[in-house]
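Trainee: Could you take me through one part of this model in close detail, and then show me how the rest of the protein fits around that part? I would be glad of one connected answer.

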Amino acid sequence: MLFFQLFISFFLLSKQNAHVELSALSGTQWRLVQCNYDNKLRTVNHRATLTFADDLSEMIGNDGCSDINCQIVVGYNKITIKSITSPGKKSCVGKEKLTVAKNFISTLRNHTSYKISGNYLTFYNGSIARLVFAKIISDGEESTIIKRSYKVDPVYYNKGGRKYLKLHDFVSQTNIYIEKIAGFSFVPGYIYNIEMKTTILGEGTSKKTNYELIRVVSKVEK
């Protein structure tokens, strides 16, 4: 009897988790922020995106070079790609764009297990992260706004006589150093967990990034 109750509880929890996961994908837009090639997750400095239909039957986007259209079946932590088409396929300009585009399409075709962690969508090959996307708040021709989550170190870091905040990304396990976040009042001696709005203007060498606080999730004295 106890085993049966545990089985039912596990089944209901799994069903609930699946519903939450699917709801988190429905009608959402994502921008690629990291791509795994040469055995390392690398920052993507140009625009590549995915958008899920409300009913999760279709996924459209851009691999960094060309638009793509995918017919899909979405389950808990798994996306089955029924077909991928690329209307008006364009040639890639630049080695990085070509490498990212190839890995983008290859991952969608072959490694479609996924996980949503807060503001991130990650596609995996086994336990290895292949593509990491951040959720888009708004998207336009000139700029993209995404939401990301970070831990802020309790001290400033000096570089070239200037003070920088050190932010650690929980999902990609990488650090960034920035001078200021609009709306964020940093007090040394505290570790912060924050949600931050990142506005990306342009791409490649002309790419500019602005940061704005959404909310402080926690503040703990070091």
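Mentor: Let's start with Thr 198, which sits in strand β14. In this predicted model, Thr 198 has a relative accessible area of 4%, and because buried means under 20%, Thr 198 counts as buried. Leaving aside residues up to four places away in sequence, Thr 198 touches Thr 144, Ile 145, Ile 146 and Arg 148, and also Thr 209, Asn 210 and Tyr 211.

One of those partners leads us straight to a pocket. Arg 148 is among the residues closest to the centre of the largest pocket, together with Thr 43, Tyr 150, Ile 176 and Lys 207. The volume of the largest pocket is about 320 Å³, and 20 residues line it. Strand β14, which spans 190–201, supplies at least two residues of that lining, and so do β1 (29–37), β10 (143–152), β13 (174–178) and β15 (208–221). The largest share, four residues, is from β1. If you are thinking about the chemistry of the lining, it divides into eight nonpolar, eight polar and four charged residues.

Now let's move to strand β15, where Glu 212 is found. With a relative accessible area of 35%, Glu 212 is partly exposed, whereas Thr 198 in β14 is buried at 4%. The contacts of Glu 212, again without residues up to four places away in sequence, are Ile 181, Ala 182, Met 196 and Lys 197. Phe 184 lies 28 residues from Glu 212 in sequence, yet their C-alpha atoms are 7.5 Å apart in space.

Strand β1 deserves a look too, and Gln 29 belongs to it. Gln 29 counts as partly exposed, at 31% relative accessibility. Not counting residues up to four places away in sequence, Gln 29 touches Leu 50 and Thr 51, and also Ala 134, Lys 135, Ile 136 and Asp 139. The C-alpha atoms of Gln 29 and Leu 50 are separated by 5.8 Å, although the two residues are 21 apart along the chain.

Strand β1 also takes part in a second pocket. The second largest pocket holds about 160 Å³ of space. Thr 49, Ile 60, Gly 61, Asn 62 and Asp 67 are the closest to its centre, out of 15 lining residues. At least two lining residues each come from β1, β3 (49–52), β4 (58–62), β5 (67–75) and β9 (128–139). By class, that lining has six nonpolar, six polar and three charged residues.

Stepping back, the protein has two helices and 15 strands. Helix α2 covers residues 95–110, and its 16 residues reach 22 Å from first C-alpha to last, close to the 22 Å expected at 1.5 Å a residue. Buried residues in α2 include Val 100, Ala 101, Phe 104, Ile 105 and Leu 108, along with Asn 103 and Thr 107.

For the whole protein, 37% of the 222 residues count as buried. Its accessible surface comes to about 12700 Å², with 52% belonging to carbon and sulfur atoms. Of the contacts between residues at least 6 apart in sequence, 52% join residues at least 24 apart. In your viewer, you could begin at Thr 198 in β14, go on to Glu 212 in β15, and finish at Gln 29 in β1.

Technical notes
Residues are numbered from 1 along each chain as its sequence is written. This is a predicted model: local features need pLDDT of at least 70, side-chain atom pairs count only at pLDDT 80 or more; totals for chains, interfaces and linings use all residues. Side-chain values use heavy atoms; hydrogens and water are left out. Buried means under 20% relative accessible area, exposed over 50%, partly exposed in between (1.4 Å probe, protein chains only). Contact means heavy atoms within 4.5 Å. Accessible areas come from the Shrake-Rupley method with a 1.4 Å probe; for residues, only the protein chains shown count as cover. The expected span of a helix is 1.5 Å times one less than its number of residues. On a 1 Å grid over the protein atoms alone, a cavity is a set of points where a 1.4 Å probe fits but cannot get out, and a pocket is an open set with protein on both sides within 12 Å along at least five of seven lines; lining residues have an atom within 4 Å of a point. Grid points are joined across faces, edges and corners, and a volume is the space filled by probe spheres set on the points. Ala, Val, Leu, Ile, Met, Phe, Trp, Tyr, Cys and Pro count as nonpolar, Asp, Glu, Lys and Arg as charged, and the others, Gly among them, as polar.
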